[in-house]
Amino acid sequence: QVQLVESGGGLVQAGGSLKLSCVVSGLTFSINTMGWFRQPPGKDREFVAAITWSTGSPNYVDSVKGRFTISRDNAKNTVYLQMNSLKPEDTAVYYCAARTFIGTEYDYWGQGTQVTVSS
């Protein structure tokens with residue numbers, strides 16, 4: 001089992017920054033990839049960014065490229081999402097998720113943290 005706990009959400013003005021954290025515990029050795037997803041109000045959950053746990057190789061959805069940075073600190077078992085130049089359309093509940101070596105989907109999810117960007 002893997003447990004994920006997000007933090008760092010809040011209310012920020014457009015153009016501002018927030019840094020989300022996701023602390024990972026449990027069978028961390030089984031993790032292949034960590035991801036950040038978001039669910040805007042009234043919309044489906046969507047992929048934001050992911051990072052390979054071992055190599056740190058990132059990838060992003062086009063809408064956040066150049067503004068968001070995903071990183072991880074293996075010693076602290078923590079994944080981060082630095083969000084800069086925030087826009088009102090970034091408003092959503094943000095979730096971190098873990099995909100294991102034997103899984104084809106993201107099997108473990110955190111509880112989510114609210115990010116609200118005011119215009």
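**View 1. An open sheet of 4 strands follows the order β1-β3-β8-β7, with antiparallel pairing.** The edge strands of this sheet are β1 (2–7) and β7 (68–73), each of which pairs on one side only. On average, neighbouring strands of the sheet are turned by 15° against each other, direction ignored. The structure shown here and in the following views is a predicted model.

**View 2. Strands β3 and β8 pair in the antiparallel sense.** Strand β3 comprises residues 18–26 and strand β8 residues 78–83, and 6 bridges join the two. One of the residues to be found in this view is Val-23, whose bridge partner in β8 is Thr-78.

**View 3. The rings of Phe-37 and Phe-47 form an edge-to-face pair.** The model contains 4 aromatic pairs. In the pair shown here, the ring centres of Phe-37 and Phe-47 are 5.7 Å apart and the planes stand at 75°, so the arrangement is edge-to-face. Phe-37 belongs to strand β4 (residues 31–39) and Phe-47 to strand β5 (residues 46–52), so the contact ties together parts that are 10 residues apart in sequence. Phe-37 is buried, with a relative accessible area of 11%, whereas Phe-47 is partly exposed at 28% relative accessibility.

**View 4. Phe-37 also pairs with the ring of Tyr-106.** The centres of these two rings lie 5.0 Å apart and their planes are at 80°, so this pair is edge-to-face. Distant parts of the chain are linked here: Phe-37 is in strand β4, while Tyr-106 is in the loop between β9 (92–100) and β10 (108–109), 69 residues apart. Both Phe-37 and Tyr-106 are buried. Ring pairs join Phe-37, Phe-47, Tyr-106 and Trp-109 into a cluster.

**View 5. Two arginine side chains lie over the faces of tyrosine rings.** Arg-99 is placed over the face of Tyr-106, at 5.0 Å from the ring centre. Arg-45 is placed over the face of Tyr-95, at 5.9 Å from the ring centre.

**View 6. Arg-38 forms salt bridges with Glu-46 and with Asp-90.** Side chains of opposite charge can pair when their charged atoms come close. The model contains 4 salt bridges. Between Glu-46 and Arg-38, the closest N and O atoms are 2.6 Å apart. Glu-46 is partly exposed, with a relative accessible area of 33%, whereas Arg-38 is buried, at 4%. Between Asp-90 and Arg-38, the closest N and O atoms are 2.9 Å apart. Asp-90 is located in the loop between β8 and β9 and Arg-38 in strand β4, so this salt bridge ties together parts that are 52 residues apart in sequence.

**View 7. Asp-90 and Arg-67 meet in a salt bridge through their side chains.** The N to O distance of this salt bridge is 2.7 Å. Asp-90 lies in the loop between β8 and β9, and Arg-67 in the loop between β6 (58–60) and β7, so the pair ties together parts that are 23 residues apart in sequence. Asp-90 has a relative accessibility of 1% and counts as buried. Arg-67 is buried as well, with a relative accessible area of 12%. A network of salt bridges links Arg-38, Glu-46, Arg-67 and Asp-90.

Note on methods
Residues numbered from 1 in each chain as written. Predicted model: local features only at pLDDT ≥ 70, side-chain atom pairs only at ≥ 80, totals over all residues. Heavy atoms only, no water. Phe/Tyr/Trp six-rings, centres within 6.5 Å; stacked < 30°, edge-to-face > 60°. Buried < 20%, exposed > 50% of the residue type's maximum accessible area, 1.4 Å probe, protein only. Lys NZ or Arg CZ within 6 Å of the ring centre and 35° of its normal. Pairing = 2+ DSSP bridges. Axes fitted to C-alpha atoms, helices over the stretch in contact; angles between N-to-C directions.
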